[in-house]
Amino acid sequence: MAVLASVRMPNPAGSAPSQAFSRPTRARYWVVVFAVSLATVQYIDRVAISQAMPDIAAEMKFTDTERGLVFSAFTLAYALFEIPTGWLGDKLGARQVLLRVVTWWSIFTAATGWAWNFGAMLVTRFLFGAGEAGCFPNLTKALGAWLPKRDRTRAQALMWMGARWGGAAAPLLVVAVMAFVTWRTAFMIFALLGVVWAIAFYRWFRDNPRDHPSVNAAELALLKDNEQNVVTHGSVPWRKLITSPTMWLLWAQYFCLSYGWYFYVTWLPTYLRDERNMDIKSNAFMHWLSGLLEGWLSPELALKVLAAALAGIPLFFGGFGSLFGGMVSSRLIARGASVTVVRRSFGFVGLTGAATLLMAAFYIHDPLLAMLSMGFASFFNDLTMPGSWATCMDIGGRYSGTVSGSMNMMGNFGGMAGPIVVGLVLSLTGRDWQLAFAISSVIYFLGAVCWLFIDPVTPLERPADVARPASTT
């Protein structure tokens, strides 16, 4: 600490700046590493149930409607607890809240394997969702404190890339683990990932970069504009939040985005198994790959691996979409392009492309080409992700935990509605998948229209307001 104190002292007049002062340390990048790794773990734990659901439903004799309700129990709790856990991060700091929520959801990941009937599974997945709700608002809070403004969109892009690729890996991980253990044991294994992360994060992370021994004065100078973001507080300007047209449009576009996207992590494995199983080998490449796998695996397990790989395509492509959207938009803005124009353009083009390609996937008979179309739909979907979350950081400021939590809450209301509507459509129409796809495409396009009117740069709280206590009305 004595060394750190000497680094932060100003240099005497006329003396050469020290090496420590002239070159910023890079501790801030470890926060990005923690964010990406947790996003990956979160999506592995979240997506695992979609791949395991056919076996769970067969054992517990779930109807299509009950499957949809189990999927939506998670998203209902995830939505309801977004604002409370985002606000808690603003009040207590991301370090304490992330330790609690990651430990909580890891316990209920394991508890998913202990469920004995529909009611127990419903309650367990609800409580699991309540824990996961604290993840992204508090990671956004941490990034807002530890990163200069110019790096935030890129960091969000990397974080969501990790989330999507974790989700893409989950189907194959579930199939691999369930080849040796039951689905119940698999969930207990996945629970360990979060426990390990929580321990490592709590030991390293500090809410204020000034409190971290690895940060020198030069790195603190890069973060000087973040001082307001690291102040913990319990007050939120609720009136400004609720009456802001930008917030309503931001909520609406994220509702629409999540409604369409949640199909990939809920019903897609069931769709592939029930509707595409008979023709999954009709593609020459898939037929060859199946034969190759059957040299090592049983025909049934080989088919499961193929289906799991196909199910991971949308999330894998989505990771590239998030990375591409974040990197290209950051570069355009750095070259002088309007932040508003760039984010609106990526939002509109992204959700319009998702609507078009998702519907096209239904009409493509070839299973591999259909999944590639769905993969590009997810790519376009995720073009909007870095801009959406960077907007929460820019307009939220020190309230970014609450603002991002409110957006994710509305998004997960969409994510809750999607699986229920799909289940009801299938039950009431004799499994009319075409109608389910059409509804999702229309909702995607409504989200695209919202982006034409969003103001992604004007903060809720102007600099002149920061000196005054925020209104809690």
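In the predicted model, the second largest cavity is lined by R46, I49, V70, F71, F74, R125, Y262, V265 and T266. The volume of this cavity is about 70 Å³. Helix 4 (64-80), helix 3 and helix 13 each contribute two or more residues to its lining, and helix 4 accounts for the largest share, namely three residues. Classification of the lining of the second largest cavity gives six nonpolar residues, one polar residue and two charged residues.

The largest cavity encloses about 90 Å³ of space. Its lining comprises 14 residues, among which Y43, R46, Y254, S258 and Y262 are located nearest the centre. Four helices each provide at least two residues of this lining: helix 3 (28-60), helix 9 (149-178), helix 13 (245-265) and helix 20 (400-429). Of the elements involved, helix 13 gives the most, with five residues. By class, nine of the residues lining the largest cavity are nonpolar, three are polar and two are charged.

The two linings have components in common. R46 and Y262 belong to the lining of the second largest cavity and also lie among the residues nearest the centre of the largest cavity. Helix 3 and helix 13 likewise each supply at least two lining residues to the largest cavity and at least two to the second largest cavity. Over the whole structure, the search identified eight cavities of 30 Å³ or more.

Methods
Residues are numbered from 1 along each chain as its sequence is written. This is a predicted model: local features need pLDDT of at least 70, side-chain atom pairs count only at pLDDT 80 or more; totals for chains, interfaces and linings use all residues. Side-chain values use heavy atoms; hydrogens and water are left out. On a 1 Å grid over the protein atoms alone, a cavity is a set of points where a 1.4 Å probe fits but cannot get out, and a pocket is an open set with protein on both sides within 12 Å along at least five of seven lines; lining residues have an atom within 4 Å of a point. Grid points are joined across faces, edges and corners, and a volume is the space filled by probe spheres set on the points. Ala, Val, Leu, Ile, Met, Phe, Trp, Tyr, Cys and Pro count as nonpolar, Asp, Glu, Lys and Arg as charged, and the others, Gly among them, as polar.
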